[in-house]
Amino acid sequence: MTAEPDLKPRSLDPASLTVLSLPMHDPRVRPLLDELAVEYDTRYGDLFGRSAAAEELNRYPAEEFEEPNGALLVIQEDGESIAGGAFRRYDDTTAELKRIWTHSAHRRRGLGRLVLDELEALAAARGYTRLYLTTGPRQPEAKHLYLNTGYRAQFDVDADPETIGPLAFTKDLAPQN
């Protein structure tokens, strides 16, 4: 008799996690970008074409995600990049979150929430008072994450997401002392 595989996600051990602030060209960022490309192509390829993922991932210059106005964070567990995200200046008081990602083998462990917490804290420390982000209509997990972490939908949450297009959210940040 063979044992059933354990489908329950492993719990997070904070001692095994490292949060890194990296430039876009760092090889530790590559898993984030590679898997986002697959994710975008899988979910949206029939809608926008197979080259749309590469276009989206290259839409903004890498410098926009660097200090002082931006950041790109990667969370590693035992040296493996397993989650990450970035922000860039949207306007003088608002940072735009981009590229929020959790490796497919590490989902349902609370990493998305951890990425948001880290990005929010860093954006607030850099003087931003508001966050803005969009996610795609075919990413219900992201929509629920943002709604469950205090982001306000800038769209009718009861409408069919496919009729809306990008789903926009905002959140006010607590002032840093």
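Are R109 and E77 buried or exposed? In this predicted model, both R109 and E77 are buried, and the close-up views below take up this pair together with helix α3 and further salt bridges.

**View A. The salt bridge between R109 and E77.** The side chains of R109 and E77 meet with a nitrogen-to-oxygen distance of 2.9 Å. Because R109 sits in the loop between β4 and α3 while E77 belongs to strand β2, the pair ties together parts that lie 32 residues apart in sequence.

**View B. Helix α3 and its buried residues.** The 15 residues of helix α3, residues 111-125, should span 21 Å at 1.5 Å a residue, and the end C-alpha atoms are indeed 21 Å apart, which agrees. Buried positions in α3 are L111, G112, V115, L116, L119, E120, A123 and A124, and these buried residues pack against elements including β2 (71-77), β3 (80-89), β4 (94-102) and α4 (140-148). Just after α3, G127 adopts a positive phi of about 95 degrees.

**View C. R88 and its two acidic partners.** R88 forms a salt bridge with E64, N to O at 2.6 Å; since R88 lies in strand β3 and E64 in the loop between α2 (52-57) and β2, this pair ties together parts 24 residues apart in sequence. R88, at 13% relative accessibility, counts as buried, whereas E64, at 28%, counts as partly exposed. R88 also forms a salt bridge with E96, the closest N and O atoms being 2.4 Å apart, and both E96 and R88 are buried.

**View D. A salt-bridge network.** E39, R43, R107 and E141 are joined into one network by salt bridges that share partners. The count of salt bridges comes to 13.

Key:
Residues numbered from 1 in each chain as written. Predicted model: local features only at pLDDT ≥ 70, side-chain atom pairs only at ≥ 80, totals over all residues. Heavy atoms only, no water. Helix = DSSP H or I, 4+ residues; strand = E, 2+ residues; numbered from the N terminus. Expected span 1.5 Å × (residues − 1). Buried < 20%, exposed > 50% of the residue type's maximum accessible area, 1.4 Å probe, protein only. Contact = heavy atoms within 4.5 Å. Salt bridge = Lys/Arg side-chain N within 4 Å of Asp/Glu carboxyl O.
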